[in-house]
Amino acid sequence: MSALTAAALALPGVAAAEVQADALYAHYREADISGSRSATGRDAPRYTIDTLLVRVDAPLGERVLSGNLTVETMSGASPWWVQPDQNGKPVQVMSGASIREERVDVQLTYGLPLAGLDWAVSAGYSDEDDYRAVNGGIEAAYSPQAGAYTLSAGLGYSYDRLEPTRGASSPDVIERADKDSLTAYAGVSFIVDAQTTMQAALSHGVYDGYLSDPYKRAFITASAATVPDRRPSERHLWSLSAKLRHYFAGAGAALHADYRYYYDDWEIEAHSLELAWHQTLAETWRVIPALRWYSQSQAYFYAPYYTASRGDGLASSDYRLSPYGALSVRLDLRKVLGAWIVGGGIEWYAADADYALGSVAVENPGLVEYLVLNLRLGRRF
């Protein structure tokens, strides 16, 4: 197990009892929507996001205090609605003006052993121009002495307040709305042998309140007009995940394989599979190539556009509710320099109907392609 921990779960030379401080900067850029998919017939720019994440983990005896600070700056245009062109092909209408906003998120976690269990309590607050969220959670893990398994469970809650501002230019957009989210999970991890571990987890979430997107609309061909994005006010979701970690002593590397199945009562079913190879070189270098595949079906009320209004009043052309598949390729590089860790990475992601598990009759023109570049700096004290 020590070889697996060193190679697969931690960087060489890092002790678990040390204070750890990390800073991560990421630049996210979405590719333009091509003129063939745009209602204007011209390429349309999309979102750019710059993110700075600072994390500190501080052991306090048997306890651990962790803090995360995230600052995001977002700018650009986003998909507004989908309408048919003169041949009936769906084309994307983008938001009229470039939006610029900033989000600040703070998360604190306190871990401690109590009554034979390892407990962790967390609390967080997120604030941006039009959105505020308060969240909290509790987790517990049990590992028997000399046991080869660990049982874990957790419960989390979030209260969100939405007050649309810039970009919500339509007169029928809401002024404010609330959303509650409750998530529970249970999992088990166990040691198969000295070089292999496995983990399985089941989670269930309940969302209640305003779940629509005030910045999106849907097109009705019968009236040649748009209506506000409207989704059910409740959503139940389930997911089942499995993870495998295997260390290859001869190669000095570990294989990470992750699978997740998802289903919700909006009738979206999704599969994701990720494979990553953690290669240690010269004891202080870590190279991590990874490949991820994703596929989902559509929400029952989704359509690129509607010939007439639905009887239940629901309507959404959001590409995130459409049927599609996606591929992403990632490469990370890290190096230990004494007490310092430096690194960086690149990820390319593309969503496309051709990557979906089943056939997609009509592809949403707003599907995303993006590139992420990141830099990391860490220090152990």
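**Burial, salt bridges, cores and enclosed space in a predicted model**

Q: At its relative accessibility, does Asp22 count as buried or exposed?
A: In this predicted model, Asp22 has a relative accessibility of 13%. The limit for a buried residue is under 20%. Because 13% falls under that limit, Asp22 counts as buried.

Q: Which side chain meets that of Asp22 in a salt bridge, and how many residues apart in sequence are the parts that the pair ties together?
A: The partner of Asp22 is Arg376, with N and O 3.2 Å apart. Asp22 belongs to strand E1 and Arg376 to strand E20, so the salt bridge ties together parts of the chain whose separation in sequence is 354 residues.

Q: Where is Gly378, and which residues is it in contact with, leaving aside its neighbours within four places in sequence?
A: Gly378 has its place in strand E20. Its relative accessible area is 1%, so it is buried. Gly343 is 35 residues from Gly378 in sequence, and their C-alpha atoms are 8.8 Å apart in space. Leaving aside neighbours within four places in sequence, the contacts of Gly378 are Ala21, Asp22, Ala339, Trp340 and Ile341.

Q: How many salt bridges does a search of the whole structure find?
A: The pair of Arg376 and Asp22 is a salt bridge. Another joins Arg55 and Asp57, whose closest N and O atoms are 3.1 Å apart. A search of the whole structure gives a total of 24.

Q: Which residue of the Arg55 and Asp57 pair is buried?
A: The relative accessibility of Arg55 is 31%, so this residue counts as partly exposed. The relative accessible area of the other partner is 13%, which is under the 20% limit for burial. The buried residue is therefore Asp57.

Q: How many residues apart are Arg320 and Asp213, the pair that links distant parts of the chain?
A: The side chains of Arg320 and Asp213 meet in a salt bridge, at 3.1 Å from N to O. Arg320 is in the loop between strand E17 (285-296) and E18, and Asp213 is in the loop between strand E11 (196-209) and strand E12 (217-220). The separation of the two is 107 residues.

Q: What does Arg320 count as at its relative accessibility, and what does Asp213 count as?
A: Arg320 has a relative accessibility of 41%, so it counts as partly exposed. For Asp213 the value is 14%, so this residue counts as buried.

Q: Which residues are joined into one network by salt bridges that share partners?
A: Arg320 and Asp213 are described above as a pair in distant parts of the chain. Salt bridges that share partners also build one network, whose members are Asp127, Arg132, Arg161, Glu163, Arg176 and Asp178.

Q: Which residues have the most contacts inside the largest nonpolar core?
A: In soluble globular proteins, nonpolar side chains tend to be buried together. The largest nonpolar core here has 27 residues. Strand E1 (20-30), strand E18 (324-337), E19 and strand E20 (369-380) each give two or more residues to this core. Those with the most contacts inside it are Ala299, Leu321 and Tyr324.

Q: Which residues is Ala299 in contact with, leaving aside its neighbours within four places in sequence?
A: Ala299 is among the residues with the most contacts inside the largest nonpolar core. Leaving aside neighbours within four places in sequence, its contacts are Trp266, Ile268 and Leu321.

Q: How many residues does the other core have, the one that lies apart?
A: Apart from the largest core lies another, with Ala218, Ala303, Tyr306 and Ala315 among its residues. The number of residues in this other core is 5.

Q: Which strand gives the most to the lining of the largest cavity?
A: The largest cavity holds about 60 Å³ of space. Its lining includes Pro79, Trp80, Trp81 and Val82. By class, the lining residues are 5 nonpolar, 2 polar and 4 charged. With 4 residues, the element that gives the most is strand E4.

Q: Which strand gives the most to the lining of the second largest pocket?
A: The volume of the second largest pocket is about 230 Å³. It is lined by 16 residues, and Arg37, Ala351, Leu367, Val368 and Glu369 are the closest to its centre. The lining divides into 9 nonpolar, 1 polar and 6 charged residues. With 4 residues, the element that gives the most is strand E19.

Conventions
Residues numbered from 1 in each chain as written. Predicted model: local features only at pLDDT ≥ 70, side-chain atom pairs only at ≥ 80, totals over all residues. Heavy atoms only, no water. 1 Å grid on protein atoms, 1.4 Å probe; cavity = no way out; pocket = protein on both sides within 12 Å on 5 of 7 lines; lining within 4 Å. Points joined across faces, edges and corners; volume = space filled by probe spheres on them. Nonpolar A, V, L, I, M, F, W, Y, C, P; charged D, E, K, R; others polar. Core = buried A, V, L, I, M, F, W, Y, C linked by side-chain atoms within 4.5 Å. Buried < 20%, exposed > 50% of the residue type's maximum accessible area, 1.4 Å probe, protein only. Contact = heavy atoms within 4.5 Å. Salt bridge = Lys/Arg side-chain N within 4 Å of Asp/Glu carboxyl O.
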